[in-house]
Amino acid sequence: MSKNLLSRTNIIWTVLVLVLFALMTLLMQMGIINSYYQSVIFNICINIILAVSLNLIVGICGQFSLGHAGFMAIGAYSAGIITKMIPNYWGMLLGILVGFVISTVAALIVSIPTLRLKGDYLAIATLGFSEIIRICIQNMKITNGAAGLTGIPQLTTWPIFFFCMILAIMICTSFVKSAPGRACIAINDDEIAAEAMGINTTRFKVIAFVVGAILASLAGAIMANYFYVLTPGQFTFNRSIDILVMVVFGGMGSMSASVIAAILIGLLNMYLQQFTDLRMIIYGAALVLMMIFRPQGILGTWEFSLEKLLEKWKARASNKGSRRRYYG
Amino acid sequence: MDQFLQQLVNGLSLGSIYALVALGYTMVYGIIKLINFAHGDVYMIGAYTAYWVTTYFGLSFLPALLVCMVVCGLLGVLIERIAYKPLRKAPRITALITAIGVSYVIEYTTQFFMGTSVRTYPPLLPNQSWTFGPITITYLQFVIFSVTLVLCVLLTLIIQKTKIGRAMRAVSADENAAKLMGISVDNTISFTFFLGSALAGAAGILVGIYYNSATPLMGMVPGLKAFVAAVFGGIGSIPGAMVGGLFIGICETLVTAYGNSMYRDAIVYGILILVLIIRPAGLFGKAEKEKV
């Protein structure tokens, strides 16, 4: 792996991302992507952030969390309340930062005791925490209780969505390649063996959990500043499950799979909107069938890597070249 | 003090219902290590079955109870055979997602056919109550206590004294060894689902009459709370589930009576987390040593 920031793969990625951004912006400007499709795309961006950040916790580190909606709620409400007081981009930035701080503290409080638990117990403890967060929000004055916040300024625009999404993907993919990331993968493979190799398992689990929580709160914040309205009902445990479904549907441990799954599920939801009554039945049945026939998800643990792709092309090209030379 | 005793009685009747649902969770978890998220929905189907047979067929309470238990038991077996059996060797998270998918299918299929409107029941039980000093027990509460008690005793007898009960315990202890001893693991697991779901069906009719309402999404929150009860008592332990259910019911009622009812659910989850941190195996559970 190249440490060089200006390596070929990094440059190609930057160009690809910029082209994608320019293309989408152009389509939006020209009105080919109308406002309905725009909101679908923005939702997909939010879901991608949530899915990659949960994948960090569940797929990479192997810690089964059902509490992602709670951290999202913290981010959303912090940004919502602060931008209502300071309705400009400084307010939004402040809101996002406050959300980061609160969700970091909450994630530490949640994770330090509970990450000692295993599997299902951890899942149910995180579910409990996220429900507690939601119930507190539902009963606080500053959050306007069950009625929710309204009139949040619409500050999030397409470039912000896109930037946050790319940022989240970058943070998660580079975390996987970093030293703590490798420690997390080791913990996921075999916790006892990892501990025997001198990895402080609790510490790295907490790190992954906090990074995931911060990104979830970022997703919440940009969501709050796009949809005007926030209610506690948006952050029930069904929301956490929706995110988990994206991670498992794509393939646990693969970031590209989470991105693809978030896009596919977003499009599926858009398509199913027309069958309001049947939507959830089809969704549920699809989950069951998917888990029975392809439990490892669409992509499994396969990760898209530009570097490998380039090498393969190069190898093929030189193969062809050599063959041609050989046969003359 | 008088009010406290009365609240205790109310809490016990609510707790009995949680205990019945928690028993199903604990048995299924004990045998195949799966959090059966669809269990709360089986309970909802119990409430709807009760609505149907009492409103359209005019059954009285006891026959309706039996019909509910049989219908829910069969539904449980059906769910197990279709959705969980192919995944018995799969990772836990896969099975959990399947359970969630099944739960969505049941909830929204019911909503599709029955609509979101609240269904109410015809009067099934006499509107009578007895007063013992400071406390009043309604006929319905008495029925809830006695049904729960009888079912729990029956369940304990089945598990401890019958051949199939012994098979259940054996499969739960070691599936492969049980298979080698000639036990049909598949049938035993299906029977466990039948028993657990039948208890949920009984809880469904009881709660339906208690609150006089049935809605398609009524199973979600009580399902989670019953799961909390099962964890509290030590998941996999039958007496644990009963005690846990009663405890959660009493806590909830007392919080509603003396504290802020809005924080009722938060308290339940708080208890769950405390139990998990202090004693992860629950009250009656056995702590398992980690083997390398």
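## A report on chains A and B

Leaving aside its neighbours within four places in sequence, C72(B) is in contact with V42(B), I45(B), G46(B), S197(B), A198(B), A200(B), G201(B) and G204(B), where two residues are said to be in contact if their C-beta atoms, placed from the backbone, lie within 7 Å. This is a predicted model, in which local features need pLDDT of at least 70 and side-chain atom pairs count only at pLDDT 80 or more, while totals for chains, interfaces and linings use all residues. Residues are numbered from 1 along each chain as its sequence is written, and chains are lettered from A and ligands numbered from 1 in the order in which they are written.

### Residues C72(B) and A202(B)

C72(B) is found in helix α3 (residues 61-84) of chain B; helices here are DSSP runs of H or I with at least four residues, strands are runs of E with at least two, and both are numbered from the N terminus. C72(B) counts as buried because it has 29 C-beta neighbours inside 10 Å. The terms depend on how many other C-beta atoms, placed from the backbone, lie within 10 Å of a residue's own: 20 or more make it buried, 12 or fewer make it exposed, and a count in between makes it partly exposed. The C-alpha atom of C72(B) is 16 Å from that of L155(B), a residue 83 places away along the chain.

A202(B) belongs to helix α8 of chain B, and it counts as buried because 28 C-beta neighbours lie inside 10 Å. When residues up to four places away in sequence are not counted, A202(B) touches L20(B), G46(B), L65(B), C68(B), M69(B), V147(B) and L151(B). The last of these, L151(B), is 51 residues from A202(B) in sequence, yet their C-alpha atoms are 9.0 Å apart in space.

Which residues have the most contacts inside the largest nonpolar core? They are I49(A) and A202(B), and the core itself has 199 residues; such a core is a set of buried Ala, Val, Leu, Ile, Met, Phe, Trp, Tyr and Cys residues joined through C-beta atoms within 7 Å. Helix α9 (residues 201-224) of chain A gives the largest share of this core, with 16 residues.

### Helices α4 and α9 of chain A

Helix α9 of chain A also meets helix α4 (residues 89-114) of the chain, and the axes of the two come within 8 Å and cross at roughly 145°. Axes are lines fitted to C-alpha atoms, for helices over the stretch in contact, and the angles run from 0 to 180 degrees between N-to-C directions. The contact brings together residues of α4(A), including G95(A), G99(A) and S103(A), with residues of α9(A), including K205(A), F209(A) and A213(A). Its residues divide into 12 nonpolar, 7 polar and 1 charged; Ala, Val, Leu, Ile, Met, Phe, Trp, Tyr, Cys and Pro count as nonpolar, Asp, Glu, Lys and Arg as charged, and the others, Gly among them, as polar.

R203(A) lies in α9(A) as well, but R203(A) counts as exposed because it has 12 C-beta neighbours inside 10 Å.

### Where the chains touch

The contact between the chains takes 33 residues from chain A and 32 residues from chain B. On the side of chain B that touches chain A, α4 (92-114), α9 (220-233) and α11 (264-278) of chain B each supply at least two residues, and α4(B) gives the most, with 13 residues. The residues of this side divide into 25 nonpolar, 5 polar and 2 charged.

### Annotated spans and loops

An unreviewed UniProt entry annotates "transmembrane region" over several spans of chain A, including residues 12-33 and 64-82, and over several spans of chain B, including residues 52-79 and 231-255. The UniProt positions follow the numbering used here, feature names are shortened, and annotations may be inferred rather than shown by experiment.

| Span | Helix | Strand | Distance between end C-alpha atoms |
|---|---|---|---|
| Residues 12-33 of chain A | 82% helix | 0% strand | 26 Å |
| Residues 64-82 of chain A | 79% helix | 0% strand | 32 Å |
| Residues 52-79 of chain B | 86% helix | 0% strand | 21 Å |
| Residues 231-255 of chain B | 84% helix | 0% strand | 20 Å |

K33(B) lies in the loop between α1 (2-32) and α2 (39-56) of chain B, and its phi is near 55°, a positive value in a residue other than glycine. K33(B) is partly exposed because 16 other C-beta atoms lie within 10 Å. N212(B), in the loop between α8 (185-211) and α9 of chain B, has a positive phi near 50°, and N212(B) is partly exposed because 13 other C-beta atoms lie within 10 Å.
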